[in-house]
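Here are a few short exercises to work through with the model open in your viewer. Try each task before you read the solution below it.

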Amino acid sequence: MSEQDAVWPGRLRRILRGRLAYWGCAGLVESAELLLTELVTNALQHTGSHGFFHVRAELRGSLCRIEVNDGSAERPKLREATLSDESGRGLLLVDAISHSWGVSKDGATTWATLVSDEPAVEPDTDFVCERALSISPDANAAAAARVAARTQLAIMSWPGPHNVAVDVLYVLVRNAVEHGLAEGSAGRKLDVWLRINARGELLVDVQDHTCDFPRFEQAVRGELGRGLWGAQRLGAVLSWFPAGHGKTVRAILQPGPVDL
């Protein structure tokens, strides 16, 4: 496996971790990451540096299914590894950890499932009110988002601290401009949403152009700067999850006294 290939398992684990958190299935993270690592490693061994593979994860009720398609017709086989073997235990681990696993008829896709003991938390999709902002990812993006958000929050009549919400949005947009612009994304705008759910909470969503957030936990703890850490100190509950061809960083703020 090349050095370039070797980064993929870790990158995909972070993306899967974000998706499971979004689904409310944090209890599956450890097992799901291990399954994904083994399936992706197996795919990389089949495709080599010249090939491609596709990964899919979905939640059906309490069942999480992970699929890796490497385009190869060579069906992976479960085999016993001896004590002296340095490899060959991947599918043994998959068999031991997963609820079920298998291979598609054409041999190209290997899949595995896990069952969550936690009831899946459906993400908010039914909003009382929402507004979309389209922000150009330039040096003025964060300031422009701040101005636009003040107007929109007033129109939406969110019953919460507007100044805090504007400051949190400023941090998220600035972070997206500095770290979330993928190569080749010139001309694409940042998608920003302000959404109020039935509980009166404000969801601030900023979608950028990269699908990974390698050091999210360290950023929130303030180890990489005071941006996301500062947003959390203002009362925002922060998370991220893959979305479209990038990712969404979300801040949730509770209703409270309005500070217009």
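**Exercise 1.** Find out how many residues of strand β6 are buried in this predicted model.

*Solution.* Begin by selecting residues 190-196, the span of strand β6. Then go through the seven residues one at a time: five of them turn out to be buried, so the strand is mostly covered.

**Exercise 2.** Work out which strands pair with β6, and in which sense.

*Solution.* Take strand β5, residues 129-135, to start with: seven bridges connect β5 and β6, and the two run antiparallel. As a sample pair, Arg-131 has Leu-194 in β6 as its bridge partner. Next comes strand β7, residues 202-208, which pairs with β6 over six bridges, again in the antiparallel sense. Here you can check Val-192, whose bridge partner in β7 is Val-206. Finally, look at the connection: β6 and β7 make a hairpin with five residues between them. In that turn, Gly-200 has a positive phi of about 85°.

**Exercise 3.** Decide whether Asp-205 is buried or exposed, and find its side-chain polar contact with Arg-195.

*Solution.* Locate Asp-205 in strand β7. Its relative accessibility is 1%; buried means under 20%, so Asp-205 counts as buried. Now turn to the side chains: those of Asp-205 and Arg-195 are joined by a polar contact of 2.7 Å. To complete the picture, list the surroundings. Leaving out residues up to four places away in sequence, Asp-205 touches Asp-191, Val-192, Trp-193 and Arg-195, along with Thr-248, Val-249 and Arg-250.

Conventions. Residues are numbered from 1 along each chain as its sequence is written. This is a predicted model: local features need pLDDT of at least 70, side-chain atom pairs count only at pLDDT 80 or more; totals for chains, interfaces and linings use all residues. Side-chain values use heavy atoms; hydrogens and water are left out. Buried means under 20% relative accessible area, exposed over 50%, partly exposed in between (1.4 Å probe, protein chains only). Helices (H or I, at least four residues) and strands (E, at least two) are DSSP runs, numbered from the N terminus. Two strands pair if DSSP finds at least two bridges between them. A polar contact is a pair of N or O atoms within 3.5 Å; within protein, one must be able to donate a hydrogen and the other to accept it, and residues adjacent in sequence count only if both atoms are side-chain atoms. Contact means heavy atoms within 4.5 Å.
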